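Trainee: Let us go through this structure together. I will ask, and you reason from the coordinates.

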Amino acid sequence: MRPRSVRARLLALVLAPLLLGVPVLLGIVWLWGTQGYNQLLVNKVSADLLTARQYFDRVQDGFSASLEGFAASHQLALALERRDDARTMAALLETTAARHGLDYLILLDRRGRFASGTAALPPSFADRSDWPAVREALSGHGRKALAVFSAAHLEALSPALRERALLALIDTPNAAPDARSHEERGLMVQVAVPVTSANGTLLGVLEGGAMLNRNLAIVDRLNAVVYHDTSLPHDSQGTATLFLGDTRVATNVRLQPDDVRALGTRVSAAVRDKVLIHGENWLGSALVIDTPYVSGYAPLVDGRGERIGMLYVGFLQASLETALHRALGGLFLAFLLVSALGAVGAIQWARSIFRPIKHMAGVMRRIEQGEDSARVGPAAGRDDELGQLARAFDALLDKLDARRSETQRWADELDSMVAARTAELEDANATLRRARQQLVMNEKLTAIGELTAGVAHEINNPVAVIQGNLELLREILGHGAEPVRDEIRAIDEQIRRIQGIVAKLLQFARPGDFAGYTDDEDVNALIRDCLVLTRHNLSRAHIEVHQELLASRSVEINRGELQQVLINLIVNAMQAMPEGGTLRLRTGDTTLEDGAEGVRIQIEDNGHGIASALLDRIFDPFFTTKKQDGTGLGLSISYAIVTRYGGHIGVDSAPGRGARFSVLLRCRPVFSTEPSAPDFARRFFGHQGG
């Protein structure tokens with residue numbers, strides 16, 4: 001009975017996947033197929049909603065482009081230049097509005113008040129400056145925005161607009177309770193563009209709008225764009241709707257059995273809460289009136305950012321579900337047929353092949369459990385292919401065991417070698433980066449030194465000639481120079497400015513030739529002195545200064561040069577905060593990388609910050625972000641001064657969170673060994689007179 005019992009168990013083992021696994025697989029296929037298909041439908045309606053949103057934005061852009069074209073037209077410019085009377089201007093605006101599909105078009109003055117238009121607005125609606133689109137246009141930039149106009153507002157623009165906006169609310173299943181019986185407001189695409197003169201002076205604002213209530217052309221075109229002929233099965237149907245609040249004001253959804261547009265019906269409370277209250281998109285199945293649709297709803301916001309309505313696209317769900325069930329049913333029938341044929345074949349061959357395979361599987365399980373010496377051995381007792389497979393399997397296990405031991409030994413050795421090599425490479429890379437940065441800076445300084453020699457000789461010679469001849473001109477003219485006294489003084493100032501720029505170039509190129517004596521300086525006292533010199537400008541710029549002066553050591557440096565560096569950094573921080581802010585000055589004792597004693601000075605602002613792409617360039621000569629107001633030498637000279645005394649200057653910044661400059665100074669400086677250029681200095685100053 002035991003062999004029979006084993007065979008029964010083997011047979012049960014063979015048939016178990018078919019008898020138990022097939023129903024489970026069918027259930028999984030049904031579940032995954034349904035979920036996957038539903039996800040595909042959600043993805044499609046999401047893409048449809050994106051397409052609808054893009055088309056709706058293009059519609060608004062079209063109104064905006066039309067109005068901008070009219071604002072810049074020669075026809076409007078002539079009318080404004082002729083100062084046409086209100087009736088003539090109104091006729092022009094009415095013609096333009098009709099041509100561009102606008103329901104109203106008005107001209108506002110420079111204060112945003114009504115001047116002329118297709119309708120004469122009463123005083124209560126004449127001031128348009130509170131509307132976001134108009135307010136943006138008054139600042140010189142055109143803008144489009146959705147807006148909700150009250151019934152009185154529509155009446156003031158045109159009684160026809162109010163009549164067109166009036167909709168009777170229809171009781172709708174699952175909609176939220178609403179005490180109103182009618183919707184009287186209008187959903188408007190509001191566009192405002194500035195009208196400027198030839199020299200850019202603001203003359204007024206053109207405001208126009210197209211009401212979306214009952215605007216069936218837009219919603220039908222939107223539906224045609226999203227759901228063209230081949231986008232859905234022939235028995236499905238795509239729909240599109242514009243909502244004001246939760247009420248359909250423009251739609252191609254139909255009410256049955258009358259087959260009329262469902263204007264005045266309302267969306268379900270669940271959709272309204274998610275889209276209008278929480279501001280999220282609705283993607284999935286939803287009842288449209290009383291029929292399930294695969295639906296996508298997105299909130300519509302006005303110029304103030306408030307949610308005022310919804311954009312909807314969707315398609316019938318029933319026909320697609322029917323197609324899914326038919327496909328899954330056919331798949332299940334094929335699956336069952338193949339499974340039945342496979343069960344018959346498995347029973348025929350299971351007895352002859354399953355026993356040795358099961359034995360090998362047992363060996364594999366023992367090996368997985370850690371028994372590396374497990375082998376099939378002579379237990380297979382076969383000379384056929386399965387017996388050969390068992391012997392080859394044992395040989396393979398022997399080789400794998402030997403390889404495993406050898407691989408483990410190699411892996412241990414390799415790990416130690418990789419760790420050591422990685423540490424060496426990291427040290428080498430760090431050294432290489434520091435050397436490359438120093439080499440680049442030295443090459444720049446060398447190039448600037450050579451450039452400065454030519455600049456000094458070529459600029460100061462003609463400047464000296466100009467200054468000498470100007471003095472001669474002033475002496476010869478005497479009192480006759482009084483009418484052009486201001487012009488002569490301006491020439492003097494520009495000459496001194498040129499000389500100052502050349503002096504800065506010399507100081508940057510060879511700072512050692514301009515350095516004075518050094519002394520032990522208290523950086524805390526020096527910072528206080530710098531604040532005295534800049535306090536007036538800081539106060540005028542509304543900058544609050546916080547000091548944390550904790551350094552107890554003094555540094556050996558030239559007082560004037562360090563003061564130049566600190567004032568330059570303070571002024572840069574002040575200019576980075578044009579609307580005011582906080583300037584933090586910190587000092588403290590520190591230890592430099594080589595173990596020497598030093599002092600750290602930090603100057604931090606909360607201004608607009610520095611882009612990461614510019615951080616590597618701000619110490620480069622002639623690089624500046626101040627356009628016309630800077631020479632690009634301030635930070636370069638500061639860098640040269642600090643590094644000449646064996647110190648370091650760095651910056652940490654990001655856009656929007658300010659900048660922090662750090663200056664590290666040695667208590668006993670090691671001066672730079674960069675060779676100076678006394679011959680160049682003598683050559684420059686020796687040629688001052690030409």
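Trainee: Among contacts in the chain between residues at least 6 apart in sequence, what percentage join residues at least 24 apart?

Mentor: This is a predicted model, where local features need pLDDT of at least 70, side-chain atom pairs count only at pLDDT 80 or more, and totals for chains, interfaces and linings use all residues. Residues are numbered from 1 along each chain as its sequence is written, and side-chain values use heavy atoms, leaving out hydrogens and water. Contact means heavy atoms within 4.5 Å. Of the contacts between residues at least 6 apart, the share joining residues at least 24 apart is 67%.

Trainee: What pLDDT does the chain average?

Mentor: pLDDT is the predictor's confidence in each residue, from 0 to 100. In this chain, 79% of the residues score at least 70. The average is 81.

Trainee: Over residues 673–690 the pLDDT is below 50; how many contacts does this stretch have beyond near neighbours in sequence?

Mentor: Take residues 1–5 as well: pLDDT is below 50 there, with zero contacts beyond near neighbours in sequence. Where pLDDT is low, predicted coordinates should not be read in detail. For residues 673–690, the model's count beyond near neighbours is 26.

Trainee: What percentage of the 690 residues count as buried?

Mentor: Buried means under 20% relative accessible area, exposed over 50%, and partly exposed in between (1.4 Å probe, protein chains only). Helices (H or I, at least four residues) and strands (E, at least two) are DSSP runs, numbered from the N terminus. The chain has 16 helices and 21 strands. Its buried share is 40%.

Trainee: Which helix supplies the largest share of the largest nonpolar core?

Mentor: A nonpolar core is a set of buried Ala, Val, Leu, Ile, Met, Phe, Trp, Tyr and Cys residues joined through side-chain atoms within 4.5 Å. The largest has 49 residues, and L105, L206, L212, L222 and V313 touch the most other members. Eleven residues of this core come from one helix, residues 2–71: α1.

Trainee: Which residues does L222 touch, not counting residues up to four places away in sequence?

Mentor: L222 is among the members of the largest core that touch the most others. One of its partners, V313, is also on that list. The full set is A52, Y55, F56, A240, L311 and V313.

Trainee: Why do the buried residues of α9 line one face of the helix?

Mentor: The buried residues of α9 (269–277) are V271, V275 and L276. Look down the axis and take directions from it to the C-beta atoms. The buried residues line one face because they fall within an arc of 90 degrees.

Trainee: Which strands do the buried residues of α9 pack against?

Mentor: Start at the end of the helix: α9 is followed by G279, with a positive phi near 75 degrees. The packing partners are β12 (282–288), β13 (291–301) and β14 (307–316).

Trainee: How many residues apart in sequence are the parts that Y104 and F149 tie together?

Mentor: Rings of Phe, Tyr and Trp (its six-membered ring) pair if their centres lie within 6.5 Å; planes under 30 degrees apart count as stacked, over 60 as edge-to-face and the rest as tilted. Y104 and F149 form a tilted pair, 6.0 Å centre to centre with 45 degrees between the planes. Y104 lies in β1 (104–108) and F149 in β3 (143–149), so the pair ties together parts whose separation in sequence is 45 residues.

Trainee: Are F243 and Y297 buried or exposed?

Mentor: They form a tilted pair, 5.9 Å centre to centre with 50 degrees between the planes. F243 is in β8 (238–244) and Y297 in β13, 54 residues apart. Both are buried.

Trainee: Is I289 buried or exposed?

Mentor: I289 sits in the loop between β12 and β13. Its phi is positive, about 65 degrees, although it is not a glycine. With a relative accessible area of 12%, I289 is buried.

Trainee: Where is P257?

Mentor: A cis peptide bond joins Q256 and P257, with omega about 5 degrees. P257 lies in the loop between β10 (254–255) and β11 (260–261).
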